[in-house]
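Dear colleague,

Please find below the structure that I am handing over to you. I should be grateful if you would read the notes that follow it.

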Amino acid sequence: MITVTALVVYESSFGNTASVARAVADGVAQHMPVRVVPVTDPASEAPVDESLVVVGGPTHAFGMSRASTRREAQGRRGATPHDVPGVRDWIAHLPTDPDGRLYWIAHLPTDPDGRLYATFDTRVTTVQHLPGSAARAAARALHRSGHHAVGHPESFYVADVEGPLLPGELDRAREWGAAIAQAAENLRATT
Ligand SMILES: Cc1cc2nc3c(=O)[nH]c(=O)nc-3n(C[C@H](O)[C@H](O)[C@H](O)COP(=O)(O)O)c2cc1C
């Protein structure tokens with residue numbers, strides 16, 4: 001049986017998705033070793049050795065953030081707008097292996113150890129019933145690249161644009177992380 005390890009890559013403008021990412025990782029850690037890396041950390045540009053990747057970001061303008069929406073968020077924080085990467089960029093430029101190949105793609109589709117992904121986002125509760133989720137958009141992008149989904153995209157809710165997270169969301173994130181890791185383990189046990 002293949003040992004599954006996990007990487008949680010996240011983006012966060014106000015810190016809410018960062019808190020969710022750490023709670024998700026706590027849940028994942030109940031089943032397997034896990035590394036948590038913000039997308040702004042140069043470590044996120046390294047080749048991905050982990051077989052399960054969990055990608056999370058804030059929902060901006062009904063999908064994944066863009067440079068313009070990230071600058072808008074920086075302005076709200078009182079910061080001077082500057083360019084930072086988001087999970088959209090991370091997925092589009094998945095880290096390469098030492099030969100410069102897209103690491104995951106180099107191992108798919110023939111490798112039974114193909115990469116598994118799960119996605120989550122944060123969103124404001126007031127638009128809970130409107131369409132548009134960064135997690136669903138990220139899942140579509142990863143699916144298009146040929147990766148395998150574990151579970152469904154999940155949303156965690158903040159009270160307003162800058163937060164805070166609704167009560168109970170961190171517990172729910174921990175449980176979701178544990179469930180995703182369990183599902184990945186079960187999948188790998190059968191391949
Ligand atoms: C420019 C911008 C656009 C946003 N658009 C949406 C949206 O379409 N739907 C939504 O639910 N929340 C939207 N939000 C709220 C974010 O989802 C919220 O700020 C985020 O969940 C907070 O997470 P963070 O602290 O990790 O940045 C938007 C926020 C910003 C700054």
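The notes below cover confidence, the ligand shell and the nonpolar core.

This is a predicted model, in which local features need pLDDT of at least 70 and side-chain atom pairs count only at pLDDT 80 or more, while totals for chains, interfaces and linings use all residues. Residues are numbered from 1 along each chain as its sequence is written.

The model scores ipTM 0.99 and pTM 0.91. The mean pLDDT (the predictor's confidence in each residue, from 0 to 100) of the protein chain is 86. Over residues 100-113, pLDDT stays under 50. Where pLDDT is low, the predicted coordinates should not be read in detail.

The ligand is surrounded by 22 residues (C-beta atom, placed from the backbone, within 6 Å of it), and Phe14, Asn16, Thr17, Thr122 and Arg123 are the closest. This shell comprises nine nonpolar, 11 polar and two charged residues; here Ala, Val, Leu, Ile, Met, Phe, Trp, Tyr, Cys and Pro count as nonpolar, Asp, Glu, Lys and Arg as charged, and the others, Gly among them, as polar.

The largest nonpolar core has 43 residues, and Val8, Val9, Val24, Val28, Val54 and Ala138 touch the most other members. Such a core is a set of buried Ala, Val, Leu, Ile, Met, Phe, Trp, Tyr and Cys residues joined through C-beta atoms within 7 Å, where buried means that 20 or more other C-beta atoms, placed from the backbone, lie within 10 Å of a residue's own.

Yours sincerely

Key
A residue is buried if 20 or more other C-beta atoms lie within 10 Å of its own, exposed if 12 or fewer, and partly exposed in between; C-beta atoms are placed from the backbone. Two residues are in contact if their C-beta atoms, placed from the backbone, lie within 7 Å.
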